[in-house]
Amino acid sequence: MRNDLRVVRALGVRSVKQTFRRPQLMAPIIMFPTLLLAVQTGGAAAALNLPGFPPVDSFLQFMLAGAMMQAVLLAGNSGGIALAVDIEMGFTDRLFAAPISRYAIVLGRLMGTAVLGAVAGLWFFLIGLVFGAPVADGLPGALLSLFLVVLTSMVMGGIGASIALRTGKASIVQGLFPFVFVILFLSSAFFPQELMVEPAKTIAQVNPLSFIAEGVRRPIIGGESAGDVAAALAAIGGIGLVAFWLSRSALRHRLRTGG
Amino acid sequence: MPAIVVEGLERSFGDLWAVQGVDLEVSESEIYGFLGPNGAGKTTMVRMLTTLLLPTAGRASVAGHDIVTEASAVRRSIGVALQEAALDPLMTGRELIRLQATLHGIPRRDGERRADALLERVDLADAADRRVGTYSGGMQRRLDLAAALVHEPTVLFLDEPTTGLDPVSRKTIWEEVEKLNREGTTVFLTTQYLEEADQLANRVGIIDSGRLVAEDTPGALKAQVGNPHLELVLAEGSDDAAGIICEKFGKPLPAKDGKVLVELERGAADVARVVLALDEGGITVESLELVEPTLDDVFVAKTGYHLEIEEDEPEPSEAGQ
């Protein structure tokens, strides 16, 4: 058990180094959400004046949670791609042939994804600070949001990892990239649910990412956050369970079939 | 106690049988060469013995542990260098060996010390802090071998360790394998190179279409297929007369490339007598060569075809079906 924790840490460190040494993995996690944030806050700030828009200090303050959500989803996808690349080049065989828990291998990758999620979260808090959209609930609020962001990146990484383990092909995991955007735009990450039209509104109401986005957003924009944070944690837990079940099944399938 | 015991081991992928009813035993401190062409089942066998793949039927134990029910104990006892050097091109050589040490539960300081020693041993100390992606094929294989040794395994599995390497790199790997074996490590080596099996292995198992078709020491296997033969290049026009003389010493073989061939019943002991008899018959011998049977002859005798080397044709897996 103790060695498994050492292995998780070592594989997490490798995962982070791998991302920083391969800029094409890092770019989507930070660059895309930053560009989208710039475009949306520059072009759609008038949405603030729509009746029913939540009370916020600025459109940027509202959008920060969406940008973070996008970053962690892409981090999860990148983590899945990196794991699939490991499978393709046989690196996972090195890990599977070692006397460690197979879950430690997946957890190591998720630790790396969590660090990247934290980096992305801090980056967007910094952007908010620089461009006049600080966290309304101060440092405790920022830490709470960051905590949710890190947990989300781990469970989304778990989904990416399970697909990588099941398919063993980086191209397939990479092919999920557009779905990340579809799922995200069908949530309240970038726009208030109340102002959406059907059927997007109904989908957003049941989309777990909406619950997480609201949980991340609440401490940033201020107001009573306990309910939103609890709902976010429940959604993260649900996705986490699905990710765990998919990963376990994929690991067993890999051992049984050899590929 | 044998280092590896395999009884009726089988593995199928759908309708395709990659390994069929293989039985074998490898003694401690032995180098066992598993010889066969691509797609014969060598890699599938190694993947089962290293716990990376479950068998369909049969059983096997490695270092005294069952590969299915005691997989973790097997993994603690073995070192593995698979067919494609499974290296992360973005890591440095030193990082990889240290990670491997962590995977095997070696304390950090010990791991660092062993990594330094192993990098020195495989002559990669100067390149230790370079990314693996910048290494040559031979350097990558040596690094892979070093990584497999970090926990001092009792049984080492090498899956085609020299495929695609230049002769110098190949020789370096051979020397290292022989050295490891002298130090007491049991080596299970798959190869498609006849020369490699002949040079390194104490015993050779020949696998074809998933079945073990022959198994013995290289010398005994070669002895099974016949005696050495003499290849003679003679002065023009004397082949028929020479054939009649040579018949007295052994079975004539079909001529090849203008050479007269005769299998010698007494091997090298007959060479001088053949030359003398030809000389007495007025036949000038321009050159001669005594050719021992090779493992290729054994392979042909057992399978009906020559072992031709093809690079990197993958063995089946269910995912690839």
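Domain bounds here come from an automatic or database domain assignment. On that basis, chain B splits into domain 1, residues 4–222, and domain 2, residues 228–292. The C-alpha centres of these two domains of chain B are 44 Å apart. The model is a predicted one.

Chain A is helical. Eleven helices and zero strands were assigned to chain A. Its pattern along the sequence reads α-α-α-α-α-α-α-α-α-α-α. The C-alpha atoms of chain A occupy a box of roughly 60 × 35 × 30 Å along the principal axes. The radius of gyration of chain A is 18 Å, and this agrees with the value near 18 Å expected for a compact globule because the chain has 259 residues. Of those 259 residues, 50% are buried. Contacts in chain A between residues at least 6 apart in sequence were also examined, and 79% of these join residues at least 24 apart.

One residue of chain A illustrates such packing. A:Ile236 sits in helix H11 of chain A. It counts as buried because 20 C-beta neighbours lie inside 10 Å, and the cut-off for burial is 20 or more. Beyond its neighbours within four places in sequence, A:Ile236 contacts A:Leu151, A:Thr152, A:Val155 and A:Ile212. The C-alpha atoms of A:Ile236 and A:Leu148 are 8.3 Å apart, although 88 residues separate the two in sequence.

Chains A and B meet in a contact that draws 25 residues from chain A and 25 residues from chain B. On the side of chain A, the elements giving two or more residues are helix H1 (2–21), helix H4 (91–96) and helix H11 (226–257). H1(A) provides the largest share, seven residues. By character, the chain A side divides into eleven nonpolar, seven polar and seven charged residues.

Chain B contains paired strands. Strands of a sheet pair through backbone hydrogen bonds, either parallel or antiparallel. Strand E1 of chain B (residues 4–13) has two antiparallel partners. With strand E4 of chain B (residues 57–62), E1(B) runs antiparallel and shares five bridges. Within this pair, B:Ile4 is opposite B:Val62 of E4(B). With strand E2 of chain B (residues 16–26), E1(B) again runs antiparallel, here through seven bridges. B:Leu9 has B:Val22 of E2(B) as its bridge partner. E1(B) and E2(B) form a hairpin with two residues between the strands, where B:Gly14 adopts a positive phi near 65 degrees.

An open sheet of chain B is built from six strands, in the order E6-E7-E8-E3-E9-E10, with mixed pairing. Its edges are strand E6 (78–81) and strand E10 (211–216) of chain B, each of which pairs on one side only. On average, neighbouring strands of this sheet are turned by 15 degrees against each other, direction ignored. Inside the order, strand E3 (residues 31–35) and strand E8 (residues 186–191) of chain B run parallel and are joined by five bridges. B:Ile31 is matched with B:Val187 in E8(B) as its bridge partner. Helix H5 of chain B (residues 137–149) lies across E6 and strand E7 (155–159) of chain B. H5(B) runs at about 165 degrees to E6(B).

Notes:
Residues are numbered from 1 along each chain as its sequence is written. Chains are lettered from A and ligands numbered from 1 in the order in which they are written. This is a predicted model: local features need pLDDT of at least 70, side-chain atom pairs count only at pLDDT 80 or more; totals for chains, interfaces and linings use all residues. Two strands pair if DSSP finds at least two bridges between them. Helices (H or I, at least four residues) and strands (E, at least two) are DSSP runs, numbered from the N terminus. Two residues are in contact if their C-beta atoms, placed from the backbone, lie within 7 Å. Ala, Val, Leu, Ile, Met, Phe, Trp, Tyr, Cys and Pro count as nonpolar, Asp, Glu, Lys and Arg as charged, and the others, Gly among them, as polar. A residue is buried if 20 or more other C-beta atoms lie within 10 Å of its own, exposed if 12 or fewer, and partly exposed in between; C-beta atoms are placed from the backbone. Axes are lines fitted to C-alpha atoms, for helices over the stretch in contact, and angles run from 0 to 180 degrees between N-to-C directions. The radius of gyration is taken over C-alpha atoms; the globule rule is 2.2 Å times the number of residues to the power 0.38.
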